[in-house]
Amino acid sequence: MKSFFIALQFLSRIQLVKQTVWTNEDFGRAVLFFPLVGWIIGILLAVIYAGCSYIFEEPYRSLLVVLSWFFITGGLHADGFMDTADGVFSGRSRERMLEILKDSCVGANGVMAFFVLASLKICFLAHCSADMALAALTGIPAAARFGTLISIFQFPYARAQGLGKAFRQYAPTYTLKGAFILALLPAIYGGFLYIFLLGAAMLTALLVNHWLTNVLGGVTGDTYGAVLEGCELILLGLTCILSMASVHIGGFSL
């Protein structure tokens, strides 16, 4: 249970057990539970969406849900998204890009990237049917966090040291398989729609990480967050497209 609580506290503001000192071994064992934490975040978002439906109309409902999304995660992944945008779009050398990623200051590229990210999330969610939105919100955070495991285990780390390297070095050998099983849990509610979104998250993670590896020579903790946010955005976009097209999958009107 300790590993689950570490994953929950690291990936969100939820602290069931307060812990301030973590070892690299603790982080490595916690990776297994990333999709499960994503599912918990998704359930909270679905509850917020359903509650807002009684009070607010669109786009205010979607605005509040997306704001809650960033609040629950503490902006951790959004920070990585902004840092990655600052680095890869800087037009500098690979070494300088990696230095920019480590810089705590946010530049113009990062600000613009976050504006686009938040705006599109709100727009995509606002144009989903209620059933589709609930199914997507429940599952997308879990699918995107399984995409993070693809980032960790399938691509080289760009630096000699870093938290991301500890994830890979100290994670149990069964982590990827076990996490995939946990990543399937949201299908209980999302059905075939969620299976489709999980596959899309895996493909997105592979393609974006491949591009980032070509640009940076590997991946970093910041790019983990960037890929996660990118996966969530793309999955919301796909849900929006399917919802507007009124295609029926898994009992949901897409």
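A crossing of two helices is right-handed if the near helix is turned clockwise from the far one by less than a right angle. The points below apply this term to a predicted model.

1. Helix 4 and helix 8, handedness and geometry. The crossing of helix 4 with helix 8 is right-handed. Helix 4 spans residues 60-73 and helix 8 residues 130-154; their axes come within 13 Å and cross at roughly 40°. This angle makes helix 4 oblique to helix 8, because angles of 35 to 65 degrees fall outside the roughly parallel and roughly perpendicular classes.

2. Helix 4 and helix 8, residues in contact. Helix 4 contributes V65, W69 and T73 to the contact, while helix 8 contributes L137, I140, P141 and R145. Sorted by class, the residues of this contact are five nonpolar, one polar and one charged.

3. Helix 8 and helix 11. Helix 8 also packs with helix 11, at an angle of about 35° and with the axes 8 Å apart. This crossing, too, is right-handed. The contact of helix 8 with helix 11 comprises 19 nonpolar and six polar residues, and no charged residues.

4. Helix 6 and helix 11. Helix 11 (residues 187-216) packs with helix 6 (residues 94-102) as well; the angle is about 115° and the axes are 9 Å apart. On the side of helix 6 the residues are R94, M97, L98 and L101, and they meet N214, V215 and L216 of helix 11. By class, the contact of helix 6 with helix 11 has five nonpolar residues, one polar and one charged.

5. Aromatic pairs. The model has ten aromatic pairs. One of them joins F27 and F167 in an edge-to-face arrangement, with 5.8 Å from centre to centre and 75° between the planes. This pair links distant parts of the chain: F27 belongs to helix 2 (residues 24-30) and F167 to helix 9 (residues 163-170), and the two are 140 residues apart.

6. Confidence. The mean pLDDT of the protein is 91, and 95% of its residues reach 70 or more. Residues 247-254, however, have pLDDT below 50. Beyond near neighbours in sequence, this stretch nevertheless has 24 contacts in the model. Where pLDDT is low, the predicted coordinates should not be read in detail.

How values were computed. Residues are numbered from 1 along each chain as its sequence is written. This is a predicted model: local features need pLDDT of at least 70, side-chain atom pairs count only at pLDDT 80 or more; totals for chains, interfaces and linings use all residues. Side-chain values use heavy atoms; hydrogens and water are left out. Axes are lines fitted to C-alpha atoms, for helices over the stretch in contact, and angles run from 0 to 180 degrees between N-to-C directions. Helices (H or I, at least four residues) and strands (E, at least two) are DSSP runs, numbered from the N terminus. Angles under 35 degrees count as roughly parallel, over 145 as roughly antiparallel, 65 to 115 as roughly perpendicular and the rest as oblique. Contact means heavy atoms within 4.5 Å. Ala, Val, Leu, Ile, Met, Phe, Trp, Tyr, Cys and Pro count as nonpolar, Asp, Glu, Lys and Arg as charged, and the others, Gly among them, as polar. pLDDT is the predictor's confidence in each residue, from 0 to 100. Rings of Phe, Tyr and Trp (its six-membered ring) pair if their centres lie within 6.5 Å; planes under 30 degrees apart count as stacked, over 60 as edge-to-face and the rest as tilted.
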